[in-house]
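Me: I would like a close look at a single part of this model, the largest cavity. Please describe what lines it, and then set it in the context of the chains around it.

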Protein chains: 4
Amino acid sequence: MPHEFKMIHRVEFADTDMAGLIHFSSYFRYMEVTEHAFIRSLGLSIVMWETFKVGWPRVRVECEYNGPLRFEDEVEAHLRVREKKEKSLTYGFIFRRVKPEPVVEVARGSLTAVCVTRDGNGEMKAVPIPEAIASRINVAESR
Amino acid sequence: MPHEFKMIHRVEFADTDMAGLIHFSSYFRYMEVTEHAFIRSLGLSIVMWETFKVGWPRVRVECEYNGPLRFEDEVEAHLRVREKKEKSLTYGFIFRRVKPEPVVEVARGSLTAVCVTRDGNGEMKAVPIPEAIASRINVAESR
Amino acid sequence: MPHEFKMIHRVEFADTDMAGLIHFSSYFRYMEVTEHAFIRSLGLSIVMWETFKVGWPRVRVECEYNGPLRFEDEVEAHLRVREKKEKSLTYGFIFRRVKPEPVVEVARGSLTAVCVTRDGNGEMKAVPIPEAIASRINVAESR
Amino acid sequence: MPHEFKMIHRVEFADTDMAGLIHFSSYFRYMEVTEHAFIRSLGLSIVMWETFKVGWPRVRVECEYNGPLRFEDEVEAHLRVREKKEKSLTYGFIFRRVKPEPVVEVARGSLTAVCVTRDGNGEMKAVPIPEAIASRINVAESR
């Protein structure tokens with residue numbers, strides 16, 4: 001059952017800053033884009049309000065940086081499902097620069113999203129992950 | 001009657017790119033932030049769906065660049081209402097670097113937004129600007 | 001000789017805003033990413049300071065919006081070289097939503113970049129496009 | 001001696017996403033803008049390559065989200081120096097929505113930046129924080 005996903009991102013010009021390297025916040029874009037591609041790979045869309053009446057706000061994100069990325073470098077985002085709780089999912093990410101070679105790990109991160117619905121007043125409330133989603137996702141053994 | 005608005009923006013680190021200067025797209029952020037501050041200065045909010053059932057998608061934007069901006073430079077965005085049609089507003093913008101001195105014009109731009117509502121199917125449709133809004137905005141003489 | 005280039009972009013979550021649609025500024029990211037992919041398709045990199053001692057600041061950009069794009073829509077950016085002057089290049093862009101179908105044009109834009117070098121004081125100065133670059137790019141007949 | 005800094009940020013339209021709330025990555029922009037304003041409050045600029053031959057890449061960032069922010073909300077970023085090591089600084093951030101009232105904490109984060117120089121090959125290497133900087137910053141008692 002799906003528990004991981006890999007995706008290549010290219011460092012674009014707008015992702016860099018005047019230090020000449022990737023801006024640290026660009027990794028959070030890559031994490032989210034990878035998460036959403038993972039969900040699509042399950043035949044779903046992260047925008048599932050109409051189908052399941054739930055959304056996925058983030059409750060915690062982090063990133064550690066081990067080395068720089070430069071314009072036009074290609075980086076593999078390796079997503080692994082690290083935790084599947086009743087009402088939340090935590091993804092771990094390892095980022096490896098794959099171009100230019102040699103392949104080298106440049107960052108690690110994680111993202112925890114909680115499954116919420118909205119009550120009549122528009123207030124968000126955590127709810128169990130719908131079975132149709134939870135049953136399609138597994139926790140990775142190596143996290 | 002209000003027809004212009006000025007606002008200072010500071011060039012932040014994330015607004016720069018590896019060329020060491022401001023990324024060209026940052027000016028569109030400044031235009032929009034200035035437009036929304038102008039609307040607030042009228043006692044309104046650009047998010048007026050609940051009050052007036054209208055939104056303001058953009059139909060045209062442009063920007064011409066005359067000189068660079070660098071990190072921590074301060075730039076004045078000078079908004080002028082250039083055109084007020086039945087269903088749309090066009091703003092002109094002049095950007096002047098005000099710090100460091102000397103003051104120098106660095107860019108000019110424009111933004112046209114159309115007043116729309118949504119029909120029962122969620123489709124957007126241009127509608128006349130609500131009187132409560134149109135009556136508060138004037139076209140600037142010097143545009 | 002190369003005079004056009006096509007590339008598909010997916011509308012990511014961070015590209016949307018609270019109106020539920022793509023934020024207008026996202027198109028400028030797509031334009032630039034497409035421009036740089038076009039340059040790579042010629043065997044070059046837009047970051048050519050070390051090879052040719054030139055950079056490509058923008059002097060003018062614009063975009064017209066004809067229809068909305070939504071999260072996970074796929075949009076084809078069709079770049080055409082519209083003008084090749086001694087010291088600048090102008091690209092025209094047509095954006096067509098290709099997924100979901102039917103295919104529909106959603107925006108048109110253009111971007112003019114000038115070829116510059118830096119003098120001893122770091123000041124930018126327009127210079128002729130290096131022959132190695134100019135000789136690889138042609139103006140598209142249909143612009 | 002300076003060990004904390006407060007700054008108000010307004011949630012701008014481009015900071016929101018289709019969920020109708022602030023996009024989680026916007027907090028990292030607020031953290032960085034606040035960090036740089038803190039450094040300016042010391043009479044310095046974070047871009048100190050010419051003066052001190054050092055830069056400040058990030059080695060770790062994180063953010064926990066406790067509640068939503070909406071368009072035009074005002075949020076106070078409260079920076080505190082949490083750790084001052086020989087070669088790195090860690091800042092803690094508490095974000096409180098201050099408008100509309102009531103004041104409520106919406107997020108907490110941290111950012112660790114390392115002081116680096118570049119050797120002859122352009123490789124980054126951690127170095128002790130220049131005395132002129134280290135002597136101006138204190139660790140906050142309450143962190």
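Reply: What follows starts with the cavity and moves outward to the helices, the chain relations and some backbone details.

The model is predicted. A search of the whole structure finds four cavities of 30 Å³ or more. The largest cavity has a volume of about 1,000 Å³. Its lining is made up of 32 residues. Those nearest the centre of the largest cavity are Arg29(A), Arg29(B), Ala14(C), Arg29(C) and Arg29(D). The elements giving two or more residues to this lining are α1 (26–41) of chain A, α1 (26–41) of chain B, α1 (26–41) of chain C and α1 (26–41) of chain D. Of the contributions to the lining of the largest cavity, that of α1(A) is the most, at four residues. Sorted by class, the lining of the largest cavity holds seven nonpolar, 16 polar and nine charged residues.

The second largest cavity can be set beside it. About 50 Å³ of space lies there. The lining of the second largest cavity consists of Glu35(C), Ile39(C), Ile46(C), Met48(C), Trp56(C), Leu89(C), Tyr91(C), Ala113(C), Ile133(C) and Ile137(C). At least two of the lining residues of the second largest cavity come from α1 of chain C, and at least two from β4 (88–99) of chain C. By class, the lining of the second largest cavity has nine nonpolar residues, no polar ones and one charged. Helix α1 of chain C therefore gives two or more residues to the lining of the largest cavity and at least two to that of the second largest cavity.The α1 helix can be followed further in chain B. α1(B) has 16 residues, and from its first C-alpha to its last it reaches 23 Å, close to the 22 Å expected at 1.5 Å a residue. Because 13 of the 16 residues of α1(B) are buried, this helix is largely enclosed by the rest of the structure. Just after α1(B), Gly43(B) takes a positive phi of about 85°.

The relations between the chains come next. Chain D is superposed on chain C by a rotation of 180° with 0.0 Å of shift along its axis, at an RMSD of 0.0 Å. That is the relation of a two-fold axis. Of the interface residues of chain D, 100% are also interface residues in chain C, so these copies meet through the same surface. For chain B, a turn of 180° and a shift of 0.0 Å along the axis lay the chain on chain C with an RMSD of 0.0 Å. The C-alpha of chain B nearest that axis belongs to Glu62(B), 2.0 Å from it. Here 95% of the interface residues of chain B are also interface residues in chain C, so these copies too meet through the same surface.

Chain A shows how a single chain is built. Its secondary structure comes to three helices and seven strands. From the N terminus on, the elements of chain A are ordered β-α-α-β-β-β-β-β-β-α. Along the principal axes, the C-alpha atoms of chain A fill a box of roughly 50 × 35 × 25 Å. Chain A has 143 residues, of which 53% count as buried. Among contacts in chain A with a separation of 6 or more, 66% are between residues 24 or more positions apart.

Some backbone details remain, in the loops. In chain A, the peptide bond from Glu101(A) to Pro102(A) is cis, with omega near 5°, and Pro102(A) lies in the loop between β4 (88–99) and β5 (104–114). In chain D, the peptide bond from Glu101(D) to Pro102(D) is cis, with omega near 5°, and Pro102(D) lies in the loop between β4 (88–99) and β5 (104–114) of that chain. Glu72(B) is not a glycine, yet its phi is positive, near 70°. Glu72(B) sits in the loop between β2 (58–65) and β3 (74–84) of chain B, and is buried, with a relative accessible area of 17%. Lys53(D), also not a glycine, has a positive phi of about 60°. Lys53(D) is placed in the loop between α2 (49–52) and β2 (58–65) of chain D, and is partly exposed, with a relative accessible area of 47%.

Note on methods: Residues are numbered from 1 along each chain as its sequence is written. Chains are lettered from A and ligands numbered from 1 in the order in which they are written. This is a predicted model: local features need pLDDT of at least 70, side-chain atom pairs count only at pLDDT 80 or more; totals for chains, interfaces and linings use all residues. Side-chain values use heavy atoms; hydrogens and water are left out. On a 1 Å grid over the protein atoms alone, a cavity is a set of points where a 1.4 Å probe fits but cannot get out, and a pocket is an open set with protein on both sides within 12 Å along at least five of seven lines; lining residues have an atom within 4 Å of a point. Grid points are joined across faces, edges and corners, and a volume is the space filled by probe spheres set on the points. Ala, Val, Leu, Ile, Met, Phe, Trp, Tyr, Cys and Pro count as nonpolar, Asp, Glu, Lys and Arg as charged, and the others, Gly among them, as polar. The expected span of a helix is 1.5 Å times one less than its number of residues. Buried means under 20% relative accessible area, exposed over 50%, partly exposed in between (1.4 Å probe, protein chains only). Copies are superposed by least squares on the C-alpha atoms of residues with pLDDT of at least 70 in both. Contact means heavy atoms within 4.5 Å.
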